[in-house]
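Dear colleague,

I am passing on a structure that I would like you to look through at your own pace. Below you will find it, followed by my notes on what turned up.

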Amino acid sequence: MILRDDEHTEITESSLDTLNGEGSSRPCLVVIQGEDIGKVYEFNRDEIDIGRSSENCIPLNEGKVSRQHAVIRRTGDGYLLDDLGSTNGTFVNGHRVNEVQLVDGDLLSIGRTTLKFVVQAGVESEFHERIYRMATIDTLTGVSNRKVFSDRLKAEFSKAQRYNRPMGLIMIDLDHFKSINDRFGHASGDSVLKEVARRLSENIRKSDLLARFGGEEFAIILPETDLDESARIAEKLRRCMVEPGFIADGNEFSVTISAGVASYQADASDEGVLFSRADRRLYDAKHRGRNQVLIWDTIEDS
């Protein structure tokens, strides 16, 4: 089996032994089944809480996971797992438990997610981390991929709906991208996509999620952000493409984007409705002359 990470570093099963395991030996949990397969959660504190709430060290946004489901505490002998009276239980190696001392290799199952307890976090966690990056990161631009976007959109919409909190969504498309490829070649087009992703990343908050949705299209999820603020951020992103210009083959040229903006409203029955509204406004912006931001206003567009 050959795996390649986003830096095109080749990893084979036999080469795992050559990975540098001399770094941190801090224990960790590695997701081996679930939406975030390969993700590594290092134990960077004495208590690691697990549950549906986003405030947990390990948030599992599933209906069968309790808000405060379980906790792993560091003890003198290692790490002790406690179930916190969860509705659907905590399982270790297939057995429901209330309290158990974890040992290297234990499989912890909560809801649809299974995590492996790894004590030697050098070699194995690095391998899983590379798998995680391959599954979640767009290899060209280095931002999140479409799968991560879809999973996060569902989770953030569910949270906004549950607590009646604001949430924004921006859909972005590069204008006349085909002409860039035709004029300068696909290598230059790839460089433009990387630079666009960099500028977008530098002009959003750490709590926001930027993803490459496909081709020359990007999407940004804005937790705790109403429509007006989402529109302001989208306009800021549009302007950041203007200066400085883009350079390919020694030629400087301009790149513009069109954007559609929508925010969570009580009348949006699911995340698909929210996505459709932002995508519709992006489509309208493209057909109204490009290089502009259009918003979905529930009152005006109902």
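Cys240 has a relative accessible area of 13%, and because buried means under 20%, this residue counts as buried. Cys28 is buried as well, with a relative accessibility of 0%. When cysteine sulfur atoms were checked for pairs that would form disulfides, the count came to zero. Please keep in mind throughout that this is a predicted model.

To place these residues in the whole, the protein has 302 residues, of which 47% count as buried, and its chain forms seven helices and 20 strands. The surface that the protein exposes comes to about 15500 Å², and carbon and sulfur atoms supply 45% of that area. If you take the contacts between residues with a separation of 6 or more, 55% of them involve residues that are 24 or more positions apart.

One part worth tracing on your screen is an open sheet of six strands, which follow the order S4-S3-S13-S12-S9-S10 and pair in an antiparallel way. Strand S4 (40–42) and strand S10 (95–97) stand at its edges, and because each has a single partner strand, one side of each is left without a neighbour in the sheet. Neighbouring strands of this sheet are turned against each other by 30° on average, if direction is ignored. As general background, the strands of a sheet pair through backbone hydrogen bonds, and they may do so either parallel or antiparallel. Here, strand S3 (residues 28–33) runs antiparallel to S4 and is joined to it by three bridges; Leu29, for instance, has Tyr41 in S4 as its bridge partner.

The other part that I would point out is helix H3 (residues 177–184), whose buried residues are Phe177, Ile180, Asn181 and Phe184. Why do they lie on the same side of H3? They cover an arc of only 100° around the axis, which puts them on that one side. The general reason for such spacing is that an α-helix has 3.6 residues a turn, so residues three or four places apart point the same way. On the other side of H3, Lys178, Asp182 and Arg183 are exposed. The cover over the buried residues of H3 includes strand S14 (167–174), helix H4 (186–202), strand S17 (246–248) and strand S18 (251–253). Just after H3 comes Gly185, which takes a positive phi of about 100°.

With best wishes

Key
Residues are numbered from 1 along each chain as its sequence is written. This is a predicted model: local features need pLDDT of at least 70, side-chain atom pairs count only at pLDDT 80 or more; totals for chains, interfaces and linings use all residues. Side-chain values use heavy atoms; hydrogens and water are left out. Two strands pair if DSSP finds at least two bridges between them. Helices (H or I, at least four residues) and strands (E, at least two) are DSSP runs, numbered from the N terminus. Axes are lines fitted to C-alpha atoms, for helices over the stretch in contact, and angles run from 0 to 180 degrees between N-to-C directions. Buried means under 20% relative accessible area, exposed over 50%, partly exposed in between (1.4 Å probe, protein chains only). Contact means heavy atoms within 4.5 Å. Accessible areas come from the Shrake-Rupley method with a 1.4 Å probe; for residues, only the protein chains shown count as cover. A disulfide is a pair of cysteine sulfur atoms within 2.5 Å. The arc is that of the directions from the helix axis to the C-beta atoms.
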